[in-house]
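Hello,

Here is the structure I promised to pass on. Have a look at it first, and then read on for what turned up in it.

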Amino acid sequence: MNVTAGQDLNGSATLAANGILPERIIKAMFAAGEISATTPPVSGQIQPASLDLRLGAVAYRVRASFLPGPEIRVADRLKELKLHTVDLEDGAVLETGCVYIVPLQEALALAADISATANPKSSTGRLDVFTRVITDNGLAFDTVPAGYAGPLYAEISPLTFPILLRSGSRLSQIRFRRGQSLIPDATLEEIHKSETLMSGGNERIGGGVQLSIDLEGGGPGSLIGYRAKHHSGLIDVDAIGAQDPLDFWEPIYRRNRGELILDPNAFYILVSQEAVHVPPDYAAEMVPFDPLVGEFRVHYAGFFDPGFGHAGAGGVGSRAVLEVRSHDVPFIVEHGQTIGRLVYEHMAERPASLYGEGIGSNYQGQALKLSKHFRMPT
């Protein structure tokens with residue numbers, strides 16, 4: 001039975017249109033065996049438009065990142081590249097500058113018309129943990145072709161902070177889609193007129209909703225961002241509010257002019273000028289702006305679920321947090337400079353619950369905000 005093509009858990013006909021699949025259909029995919037796992041799903045794992053992926057029991061330290069390529073399994077490449085095995089059952093530390101491959105608890109047997117993409121969870125990106133999902137025969141990271149049947153693996157490389165994690169930790173998330181769901185700019189313009197997809201800042205649409213950087217804050221002397229400290233302590237990825245932010249971050253305050261010099265290979269947490277809105281019938285994803293405009297990038301893409309910034313889910317004024325890294329040379333970014341964009345997709349159907357609507361969402365209504373692992377200033 002292909003649940004995603006038109007059956008719910010009770011077998012009633014509920015044909016889903018093209019678009020991003022909501023939590024109802026993700027649950028049905030589990031029931032039909034299109035998604036399987038070594039242990040049952042846990043509370044909060046299925047989000048309005050995505051599924052959190054859980055780490056398995058071991059991590060393999062490898063010599064280098066890789067893609068398996070056609071007709072090659074990840075397990076076979078691991079035999080060639082593995083340096084040693086790390087047991088995650090009772091927790092283990094992954095060191096900065098190293099590359100690890102972790103088999104995930106979830107595996108897929110997708111229908112021929114269902115594909116998927118993966119991304120780091122918001123909290124993962126804000127820790128500067130480089131995380132990508134790999135499939136057997138994979139030609140691209142974070143991409144699952146339609147009809148894929150097989151295991152999933154996470155590539156993990158902490159870049160700034162060493163991290164403590166364990167079997168069951170959730171660093172990545174995956175979205176499933178049927179058919180073509182990307183919304184073109186002309187349609188986005190019409191949706192913006194009726195739904196207000198962004199407010200404040202520059203309010204531009206081009207290749208999606210363009211986002212610009214806020215380097216003025218509340219005026220001279222106000223907090224505008226954070227720069228990560230090197231040689232810091234350990235972060236437990238499953239411990240919420242456990243760390244003092246000043247042990248890991250250097251606050252950045254606005255000076256007379258709204259500009260910031262990005263140090264080469266330093267990691268920054270900044271924020272968009274624009275407040276962002278993802279209406280209930282849509283999902284969004286942050287993608288880097290054209291790298292030709294400067295020697296920096298928004299370091300991680302990220303999913304924005306239906307209801308982010310939505311008034312009905314308590315999200316008025318929610319802004320996009322930007323994880324920024326300069327490349328090989330110092331680079332000046334200025335207030336209002338375009339630094340990223342949000343592309344929007346149709347939902348196959350409106351999800352039953354929205355982001356921030358009583359489901360433990362950590363970043364609804366956010367302005368400049370570090371990951372959930374750090375205590376809020378008092």
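On helix α4, the face turned away from the buried side carries Ala-186, Lys-193 and Ser-194, which are exposed. Please keep in mind while you look that this is a predicted model.

The other face of the helix is worth a moment too. α4 covers residues 185–195, and its buried residues include Leu-188, Ile-191 and His-192. Why do they count as being on the same side of α4? Around the axis they cover an arc of only 105°, and that puts them on the same side. As a general background point, an α-helix has 3.6 residues a turn, so residues three or four places apart point the same way. If you follow the chain past the helix, Thr-196 comes after α4, and its phi is positive, near 55°.

Next, a small sheet. Three strands form an open sheet in the order β6-β12-β18, and the pairing is mixed. Which strands are at the edges? They are β6 (92–94) and β18, each of which pairs on one side only. Between β6 and β12 (residues 163–165) the pairing is antiparallel and runs over 3 bridges. To find this pairing on your screen, start from Leu-94, whose bridge partner in β12 is Ile-163.

From β18 you can move along to a loop. Asp-247 sits between β18 (235–236) and β19 (249–253). With a relative accessible area of 48%, Asp-247 is partly exposed, because that value lies between the 20% limit for buried and the 50% limit for exposed. Setting aside residues up to four places away in sequence, Asp-247 touches Lys-229 and Ser-232. Gly-233 is 14 residues from Asp-247 along the chain, and their C-alpha atoms are separated by 7.6 Å.

A second aspartate is found in another loop. Asp-263 lies between β20 (259–262) and β21 (267–276). Is Asp-263 buried, exposed or partly exposed? Its relative accessibility is 35%, so Asp-263 counts as partly exposed. Which residues does Asp-263 contact, leaving aside its neighbours within four places in sequence? They are Arg-227, Tyr-268 and Ser-326. Val-329 is also worth finding: Asp-263 and Val-329 are 66 residues apart in sequence, while their C-alpha atoms are 7.3 Å apart in space.

That is what I have to hand over for now. Enjoy looking around, and do write back with any questions.

Best wishes

Definitions and conventions
Residues are numbered from 1 along each chain as its sequence is written. This is a predicted model: local features need pLDDT of at least 70, side-chain atom pairs count only at pLDDT 80 or more; totals for chains, interfaces and linings use all residues. Side-chain values use heavy atoms; hydrogens and water are left out. Helices (H or I, at least four residues) and strands (E, at least two) are DSSP runs, numbered from the N terminus. Buried means under 20% relative accessible area, exposed over 50%, partly exposed in between (1.4 Å probe, protein chains only). Contact means heavy atoms within 4.5 Å. The arc is that of the directions from the helix axis to the C-beta atoms. Two strands pair if DSSP finds at least two bridges between them.
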